[in-house]
Amino acid sequence: MTASPWHSGEPGSAVRVSVPPPSPRPPARLADGLAFGGDYNPEQWPREVWDEDVKLMREAGVNLVSLGVFAWGTVETAAGVRDWSWLDDIVELLHQGGIGIGLATPTAAPPSWLLAAHPEIAPVLADGFREPPGGRLAWCAASPVFRRYALRHVEALAERYGRHPAVRLWHIGNEFGGGNARCYCDLSAEAFRDWLRDRHGGLDAVNAAWGTQQWGHRFGAWEEILPPRGRHGAPNPGLYLDYERFSSDALLSQYLAEKAVVERHSAAPVTTNLMVGAGAQVVDYATWAPHTAIAANDHYTLVDDPLREQDLAFAADRMRGLFPDRRPWLLMESSTGSPSWQRRNRAKDPGEIARHSLGHVARGSDGAMFFQWRASPAGAEQFHSAMLPHSGSRSRVWREVLELGRSLKALREVQGTRVERARAAIVVDDPAGWALQHGLKPHRSLSYGRELREWHRALWQRNLLCDVVPPSADFDGYDLVMVPTLLTVAEPVAARLRAVPERGGTLLVTYLSGVCDADGRVITGGFPGAFREVLGAWTDEFYPLQEHETVALDDGGTVTEWTERVHLEDAESIVGYASGTLAGAPAVTRRPVGDGAAWYVSAHLPPDSIDRIADRLTAETGLVPAAEADPGVEAVRRVGDGSSFLFLLNHTDADRNAEASGLDLLTGEAFDPIVTIPANGVRVLRETPV
Ligand code: GAL
């Protein structure tokens, strides 16, 4: 008998993956004023440098650092042998310097001795290849051995520092899923089966949900159910989707286990850094965020993205949408220059550090933090930018960091305020994105993130604020709800979306939305099953376009990627196909519903067609921009009790104007009724109450 490549060789049963409901907490305040700082890895430097670090942090106004994120092996140098001396010293030094600590449980990077003694804790890929040591997140979430070692160390850490006054926050692990999003080993399979029992009840229900009659794959015993392994073939979509959900929950259960240990020793708030951006993420963040005291995000702009400020805005709008009360969140990591993981890592242009950081603050972050404080001379990330670059305090980056510190201090009164209530929302769902991008589909290279960003872009360029919300959101407060390519949707969510036009709002649904239920089963009777009645239009045939194929629209636009044959019931055609097989058929439809409307977009529209629709939607719904401003100026407002702060970010190389009045908190200048925002600059006006 040959040994299975997925066999873990671990004694004991798999970790049981179950996620209890979150206990709601009030929003956490981490610092006195907006948080400013970054990951601090003093263990990479001799002791003498630490004094200089603290001195320079004070000079820059740093008030929070993420400490010890990867310091498991530097403290626990052999099983159960812990050298706390250096950590004790730096905690004290930071405390004396008045700098708050986000203390990390360092479980993202297990020590080399642990991986050597227990290579079986490493994740196994779908094809049976076990990840070798040398990276990060080198563990399987179902491994009882990893769980035991990790919690032991977390307990020791929390016992030692849990009540230390400098510890303002707990930073659990690091970017969960960033290297171990899925593990396919036998222990994971065992944990998956338990998770399925909780989700579906019996085996019959699993078979029914997944439609296992196809290919005669009916499961007669739980042991027959395996993770979607192998490189070839096409896993059952229901099984695939449930494995993705399970994997997210498996990582979440590790987070929750560490959090529970920490909370036995400490009253400080607990969070972890997410990687929220456009598109389907590695874990389902909507289920993670409610378990954090403050949602924290890592966001890096991509050098080759011409609309990187919009990507930033999308991520920030999505962070705000994670909590129903749109409470402030925290930008935990970003970069002062380029990261080292892109293909060509270019420095940021002058002014970008502040403009990007304040772009996050404008959209609800209560601070701006970076990876990392001081650049590492050695190790994998030696060419990554930092607040204090390799060239030290004589660098332009350092001067801009000092300036950002001053700006954040000047914006102190913004802390705790909320971004103005958005009247538009875009619905985003990680599982729907996973389903869209995987398996045998009518088009196998659609990008969920691109679809989401294109509709968001149209609102962003008009300064129409938009929350990016999960399906669990309350849609009642929004005049416009957009649903781009939401392939899978649970019926209760679909019902709440259908109610939007019925209560006078506008619902816009784009192609491939509502085609499948939450188990990934097609809703029969004509696409999109979940929405066809409210849309008054339906589709029976898809015509995805070949790579270089285009189709003309009668509004002058040119479609790529996706078209479909739409039949009207009681909707009207707003834009039609003008060439190809579908010439003369509707491409975009609208159905008036009382005072509201339901739109269907059956094609992957070009930006100019989206813009025309956005103009019409704006007029119909009466959405108003945060400020009237020249093109290239982003305007967002945060409001508190009796206070109002207008952020104006000029993303162009020339001075630009906006219609606004108030006092610029960054420079002390007063403006009325026109404000000039310098090229690549930012103004934050405390607006005069009317
Ligand atoms: C993040 C990670 C950091 C650092 C950074 C570099 O994803 O959390 O530890 O590696 O990327 O950009």
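Between which two elements does the loop that holds Q372 lie? Q372 sits in the loop between β11 (365-370) and α12 (396-410). The legends below describe close-up views of a predicted model.

**Figure 1. The cis peptide bond between F371 and Q372.** The bond that runs from F371 to Q372 is cis, and its omega is near 0°. Q372 belongs to the loop that links β11 (365-370) with α12 (396-410). Most peptide bonds are trans. F371 also appears in the next view, as one of the residues around the ligand.

**Figure 2. The residues around the ligand.** The shell consists of F70, R136, N174, E175, D298, Y300, E333, P339, W341, F371, E381 and H384. Sorted by class, five of these residues are nonpolar, two are polar and five are charged.

**Figure 3. Polar contacts between three glutamates and the ligand.** An N or O atom in the side chain of E175 is 2.4 Å from an oxygen atom of the ligand. For E381, a polar side-chain atom lies 2.5 Å from a ligand oxygen atom. For E333, the distance from a polar side-chain atom to an oxygen atom of the ligand is 2.8 Å. On its own, the ligand has 310 Å² of accessible area, and the protein covers 94% of it.

**Figure 4. The second largest pocket and its lining.** This pocket holds about 880 Å³ of space. Its lining is made of 38 residues, and those nearest the pocket centre are A286, T287, P470, P471 and S472. By class, the lining has 19 nonpolar, seven polar and twelve charged residues.

**Figure 5. The position of the second largest pocket between two domains.** Residues of the lining come from both domain 1 (35-415) and domain 2 (424-621), so the pocket lies between these domains. At least two lining residues are supplied by each of α6 (186-200), α8 (237-265), α9 (285-288) and β14 (466-469).

**Figure 6. The cis peptide bond between D672 and P673.** Here the bond from D672 to P673 is cis, with omega near -5°. P673 is part of the loop between β28 (670-671) and β29 (674-677).

**Figure 7. The backbone at E561.** What is the sign of phi at E561? The phi of E561 is positive, at about 70°, although E561 is not a glycine. Most residues other than glycine have a negative phi. E561 is found in the loop that connects β19 (558-559) and β20 (564-568).

How values were computed: Residues are numbered from 1 along each chain as its sequence is written. This is a predicted model: local features need pLDDT of at least 70, side-chain atom pairs count only at pLDDT 80 or more; totals for chains, interfaces and linings use all residues. Side-chain values use heavy atoms; hydrogens and water are left out. A residue is near a molecule or strand if one of its heavy atoms lies within 4 Å of it. A polar contact is a pair of N or O atoms within 3.5 Å; within protein, one must be able to donate a hydrogen and the other to accept it, and residues adjacent in sequence count only if both atoms are side-chain atoms. Accessible areas come from the Shrake-Rupley method with a 1.4 Å probe; for residues, only the protein chains shown count as cover. Ala, Val, Leu, Ile, Met, Phe, Trp, Tyr, Cys and Pro count as nonpolar, Asp, Glu, Lys and Arg as charged, and the others, Gly among them, as polar. On a 1 Å grid over the protein atoms alone, a cavity is a set of points where a 1.4 Å probe fits but cannot get out, and a pocket is an open set with protein on both sides within 12 Å along at least five of seven lines; lining residues have an atom within 4 Å of a point. Grid points are joined across faces, edges and corners, and a volume is the space filled by probe spheres set on the points. Helices (H or I, at least four residues) and strands (E, at least two) are DSSP runs, numbered from the N terminus. Domain bounds come from an automatic or database domain assignment.
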